[in-house]
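Student: I'd like a close look at one part of this model, please. Could you walk me through the sheet that brings the two chains together, and then what lies beyond that sheet?

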Amino acid sequence: MTPHTLKLSHAYLLLACLAATPALAQASASVAAGALTGHAQAGPVQKHDRVARGPRTDDTRNCDTRGVTVHSLNGSSSASASVSTSPGGSSAVAGGGSPGATTEFFGCDDNKKRSTR
Amino acid sequence: MKTALPLIFALAFATPAFAQQGNAAAGSAGSAAVGGNSASSLGGGAVSKSHTDDAAALGMGASAAGDKTKTRAAVHGNNNLNGNAMAMAHNGGEMAKSHTVCHDRSDSVECRTKTMAHEPGGPPVKSTSEGQATIPAQ
């Protein structure tokens with residue numbers, strides 16, 4: 001192997017490494033409207049450090065507030081939405097993800113139940 | 001020429017990998033209110049793409065308060081996700097409405113919220129908000 005071909009192979013190796021390097025930058029978005037909030041994040045996160053969180057209410061009788069959180073299987077994408085309404089109002093949430101994603105619902109256990117007056 | 005040709009091949013193989021990796025997240029939200037009626041909806045989505053894994057998540061929400069209310073939220077799809085959230089509140093001629101649509105595609109997220117408030121005798125007041133993000137080509 002001549003010095004010339006050695007340099008060229010190094011250049012190819014460098015290109016290959018650059019091409020294989022995963023993008024590490026995160027992207028996130030938060031939205032709010034009145035008492036509604038939503039958050040979405042894409043990028044590398046630790047499995048135990050999920051960012052998107054719904055309203056962690058375990059009171060399934062409370063239909064004033066409800067939320068949804070979605071985590072992709074590999075943890076690199078997550079989205080959440082939480083909503084609340086005044087007594088007598090109605091609310092709904094939905095979530096979904098790529099195959100294998102986990103969707104968690106919080107709050108009211110009846111999607112058609114109105115808030116208690 | 002002998003050295004340039006292999007270099008062109010190497011770049012050609014490397015380029016698609018540059019363009020297909022990254023993350024994007026976007027969302028939109030809106031509220032409308034008239035009289036004692038209010039309606040809000042929102043959506044947020046994220047997509048992540050690497051040379052080994054693709055992932056997407058979408059969350060939608062809607063709420064309404066007033067005399068007569070209606071809310072609905074849904075997410076459909078597997079790889080390309082489509083989400084809808086709609087809220088409406090009305091009594092007689094007064095109506096507030098908000099509708100959010102989100103699309104998670106392989107390399108982009110797009111959300112759009114349209115709101116409308118209307119009272120008898122006046123024109124409807126409308127607004128639109130959009131959020132859009134694309135995995136940048138590198």
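Tutor: Happy to! Keep in mind that this is a predicted model. Let's begin where chain A meets chain B: strand S5 of chain A and strand S3 of chain B, residues 54-65, run antiparallel and are joined over 8 bridges. To find this pairing on your screen, pick A:Val93, whose bridge partner in S3(B) is B:Gly61.

Now widen the view. That pair belongs to an open sheet of 4 strands, ordered S5(A)-S3(B)-S2(B)-S1(B), and the pairing is antiparallel. Its edges are S5 of chain A (90-97) and S1 of chain B (22-34), each of which pairs on one side only. If direction is ignored, neighbouring strands in this sheet are turned by 5° against each other on average. As you follow the strands, remember that side chains in a regular strand alternate between the two faces of the sheet.

Further along chain B, strand S4 (residues 68-76) pairs with strand S5 (residues 81-91), again antiparallel, over 9 bridges. Here B:Thr69 sits opposite B:Ala89 of S5(B). The two strands make a hairpin with 4 residues between them, and in its turn B:Gly77 has a positive phi of about 105°.

Finally, look for the sulfur atoms. There is 1 disulfide over all chains, and it links B:Cys102 to B:Cys111, with the sulfur atoms 2.1 Å apart. Both B:Cys102 and B:Cys111 are buried. The torsion about the S-S bond of B:Cys102 and B:Cys111 is about 115°, which means that the disulfide is right-handed.

How values were computed: Residues numbered from 1 in each chain as written. Chains lettered and ligands numbered in written order. Predicted model: local features only at pLDDT ≥ 70, side-chain atom pairs only at ≥ 80, totals over all residues. Heavy atoms only, no water. Pairing = 2+ DSSP bridges. Axes fitted to C-alpha atoms, helices over the stretch in contact; angles between N-to-C directions. Disulfide = S-S within 2.5 Å. Buried < 20%, exposed > 50% of the residue type's maximum accessible area, 1.4 Å probe, protein only.
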